[in-house]
Every structure is written in C-alpha cells, then in structure tokens.
Amino acid sequence: MNLWLAIIGMGIITYAIRLAPIWLLERATIGPGWRQALRFVPAAVLSAIILPELVMPGGTLDLSMGNARLLAGLAAILIAWRMKNILWTLAVGMVLLWILG
C-alpha cells in the first residue's frame, strides 16, 4: 500500500510541477523580444542533446572519418537542409548509421 501511495504522490507532484508555470503565466503577456528568443529553444535543446552524441561517442572526442555517428549525422543534416523532409532525414541518417556502424 505504501508503494502505491508513493507512486501516486510522485505522479501528483510531477503533474503539479509541470502545470504550475501554465497556471501562473496564463494571463502574462510576453514581449516580442522574449517571443523571438523562445522560438529558438526547441532547436537549442535538440542540438544540446544530439551534438555530444555525434562528436563524443563513448565519452571521448572523435572527429575522425571513422566516427560513424558523426558521418551519419552530417549526412542527415545535409538532407534536412536540402530536402526539408523529416522522413528522409531520419531514413538517411539511420540507414547510414546502420551501414557504417
């Protein structure tokens, strides 16, 4: 019983933490400068997650041509830039990683 109460309690707390900013900032207005800056947050977060995995596989810096993750990532970046199609980007990156890895 204690385990279930702990799980339910953690769920309620997690939900409340995520919902609090929405409730608190519901009526707040955001200036154009902040609005422009917030547009770049998803790209910045995604880059911060992906870049270390591309250049530091296994925890050590590897910028060589033997780094399959880096080569597949660079190919995926090129496909994303040229074709602007997420399915092709994912497919090319994953297939190259599978072939090179």
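**Reading the labels on a predicted model**

Trainee: Why is Arg18 called exposed?

Mentor: This is a predicted model, and in it Arg18 has a relative accessible area of 65%. Exposed means over 50%, so Arg18 earns the label. As for where it sits, Arg18 is part of helix H1, residues 2-24. From Arg18 to Leu78 you'd cover 35 Å in space, C-alpha to C-alpha, with the two positions 60 residues apart in sequence.

Trainee: What makes Glu53 and Arg69 a salt bridge?

Mentor: Their closest N and O atoms are 2.8 Å apart. The cut-off is 4 Å, between a side-chain nitrogen of Lys or Arg and a carboxyl oxygen of Asp or Glu, so Glu53 and Arg69 qualify. The pair links distant parts of the chain: Glu53 belongs to helix H3 (residues 41-55) and Arg69 to helix H4 (residues 68-83), 16 residues apart. A search of the whole structure turns up 1 salt bridge.

Trainee: Why do Glu53 and Arg69 count as partly exposed?

Mentor: Glu53 comes out at 45% relative accessibility, and Arg69 at 36%. Partly exposed runs between the 20% limit for buried and the 50% limit for exposed, so both residues get that label.

Trainee: Is Asn67 buried or exposed, and how do you know?

Mentor: Its relative accessible area is 2%. Buried means under 20%, so Asn67 is buried. Asn67 is found in the loop between H3 and H4. Leaving out residues up to four places away in sequence, Asn67 touches Leu54, Val55, Pro57 and Asp62.

Trainee: What makes the Asn67 side chain a partner in polar contacts?

Mentor: Take the two distances in turn. A polar side-chain atom of Asn67 is 2.7 Å from the backbone oxygen of Asp62, and one lies 3.2 Å from the backbone nitrogen of Leu70. The distance limit is 3.5 Å, so both pairs fall within it.

Trainee: How do you know that Arg82 sits over the ring of Trp81?

Mentor: The charged end of Arg82 is 5.5 Å from the centre of that ring. The distance limit is 6 Å, and the charge must also be within 35 degrees of the ring normal. Arg39 does likewise over the ring of Phe40, with its charged end 5.9 Å from the centre; that value also passes the 6 Å limit.

Trainee: And how many aromatic pairs does a search of the whole structure find?

Mentor: It finds 0. Ring centres would have to lie within 6.5 Å to pair, so no two rings here meet that condition.

Terms used
Residues numbered from 1 in each chain as written. Predicted model: local features only at pLDDT ≥ 70, side-chain atom pairs only at ≥ 80, totals over all residues. Heavy atoms only, no water. Phe/Tyr/Trp six-rings, centres within 6.5 Å; stacked < 30°, edge-to-face > 60°. Helix = DSSP H or I, 4+ residues; strand = E, 2+ residues; numbered from the N terminus. Buried < 20%, exposed > 50% of the residue type's maximum accessible area, 1.4 Å probe, protein only. Polar contact = N/O pair within 3.5 Å; in protein donor to acceptor, adjacent residues only side chain to side chain. Contact = heavy atoms within 4.5 Å.
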